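This report goes through one protein chain, from a single pair of side chains to the chain as a whole. Please keep the sequence and the structure in view while reading.

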Amino acid sequence: MDPHMKQLQDSLVEIETEAEHLLLARHQLVENDKLRNGNREALTALRKRARTTKSSVPSPFEALMKEIEGAREPLVKEICSTCGNHDSNEHTWMMFPGSDIFARVPFHVAHTILEKDQERLDYETKKLQSYVKEKSFSISEKGALADRISPGVVKSLVSLTDKSK
């Protein structure tokens, strides 16, 4: 086989491989977004059940100041932003992420698991987004994402046709 043809074939195989990796990463991004949306919906349902929003629960500092003004109770009181004044030991049914297992767990444990899973998914999504950006740029640099044939391929084809004459 002609060395120029071999080089062209190798570059096309490399571009094809990178494009497949790019498509797999995009597919994984879609799957992560589905999981993140499910987690967000579950956390919203738990907040509604506890009758809290992210901003409705007083900060630990506000609670501390109220305690100083009041009676002799402990000055520091940990307040969960999701539980608020809701009974954190009340049991809630939960399906664990990535499985078909239902478990009855305390309210606080349920939303803590979901929040940690949400943080993990956010991190993975950001990683995948940077990977997709990097691969897209790499493929674009090779000229494969252009609307026309990349200059490197045209030069190869021109040199091949010149040699065959």
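Which residue forms a salt bridge with Glu 124? The partner is Arg 120, and the closest N and O atoms of the pair are 2.9 Å apart. The model is a predicted one.

## A pair within one helix

Glu 124 and Arg 120 both belong to helix H3, and because they are four residues apart there, about one helical turn separates them. Glu 124 has 28% relative accessibility, so this residue counts as partly exposed. Arg 120 is also partly exposed, at 39%.

Helix H3 runs from residue 107 to residue 141. Its 35 residues should span 51 Å at 1.5 Å a residue, and the C-alpha atoms at its ends are 51 Å apart, so the expected and computed values agree. Just after H3 comes Gly 143, which has a positive phi of about 90°.

## Salt bridges between distant parts

The chain has a count of ten salt bridges. One of them joins Glu 14 to Lys 142, with 2.5 Å between the closest N and O atoms. Glu 14 is in helix H1, while Lys 142 is in the loop between H3 and helix H4 (151-164), so this pair ties together parts of the chain that are 128 residues apart in sequence. Both residues are partly exposed: Glu 14 has a relative accessibility of 41%, and Lys 142 has one of 27%. Through shared partners, salt bridges join Glu 14, Glu 18 and Lys 142 into one network.

Glu 115 and Arg 47 form another salt bridge, in which the closest N and O atoms are 4.0 Å apart. Here the link is between helix H3, which holds Glu 115, and helix H1, which holds Arg 47; the two residues are 68 apart. Are these two residues buried or partly exposed? Glu 115 is partly exposed, since its relative accessible area is 22%. Arg 47, in contrast, counts as buried because its relative accessibility is 14%, and the cut-off for buried is under 20%.

## Asn 39, a buried polar residue

Asn 39 is found in helix H1. With a relative accessibility of 7%, this residue counts as buried. Which side chains are joined to that of Asn 39 by a polar contact? One is the side chain of Asp 117, at 3.0 Å. Another is the side chain of Gln 118, at 3.3 Å.

When residues up to four places away in sequence are not counted, Asn 39 touches Leu 114, Asp 117, Gln 118 and Leu 121. Leu 114 appears again below, as a member of the largest nonpolar core.

## Arg 49 and its surroundings

Arg 49 also has its place in helix H1. Its relative accessible area is 36%, so Arg 49 is partly exposed. Apart from residues up to four places away in sequence, it touches His 86, Glu 90, His 91, Thr 92 and Phe 107. The side chains of Arg 49 and Thr 92 are joined by a polar contact of 3.4 Å.

Thr 82 is 33 residues from Arg 49 along the chain, and the C-alpha atoms of the two are separated by 9.8 Å.

## The nonpolar cores

How many residues make up the largest nonpolar core? There are eleven: Leu 43, Leu 46, Ala 50, Cys 80, Cys 83, Met 94, Ala 103, Val 105, Phe 107, Ala 110 and Leu 114. At least two residues of this core come from each of helix H1 (3-50), strand E2 (102-106) and helix H3. A second core, separate from this one, has six residues, including Leu 22, Leu 29, Leu 128 and Ile 139.

Ala 103 can serve as an example from the largest core. Leaving aside neighbours within four places in sequence, Ala 103 is in contact with Thr 92, Trp 93, Met 94 and Phe 96.

## The chain as a whole

The secondary structure consists of four helices and two strands. From the N terminus on, the order of these elements is α-α-β-β-α-α. Among contacts between residues at least 6 apart in sequence, 61% join residues at least 24 apart.

The chain has 165 residues, and 26% of them are buried. It exposes about 12200 Å², of which carbon and sulfur atoms supply 57%.

Technical notes
Residues are numbered from 1 along each chain as its sequence is written. This is a predicted model: local features need pLDDT of at least 70, side-chain atom pairs count only at pLDDT 80 or more; totals for chains, interfaces and linings use all residues. Side-chain values use heavy atoms; hydrogens and water are left out. A nonpolar core is a set of buried Ala, Val, Leu, Ile, Met, Phe, Trp, Tyr and Cys residues joined through side-chain atoms within 4.5 Å. Buried means under 20% relative accessible area, exposed over 50%, partly exposed in between (1.4 Å probe, protein chains only). Contact means heavy atoms within 4.5 Å. Accessible areas come from the Shrake-Rupley method with a 1.4 Å probe; for residues, only the protein chains shown count as cover. A polar contact is a pair of N or O atoms within 3.5 Å; within protein, one must be able to donate a hydrogen and the other to accept it, and residues adjacent in sequence count only if both atoms are side-chain atoms. The expected span of a helix is 1.5 Å times one less than its number of residues. A salt bridge is a side-chain nitrogen of Lys or Arg within 4 Å of a carboxyl oxygen of Asp or Glu.
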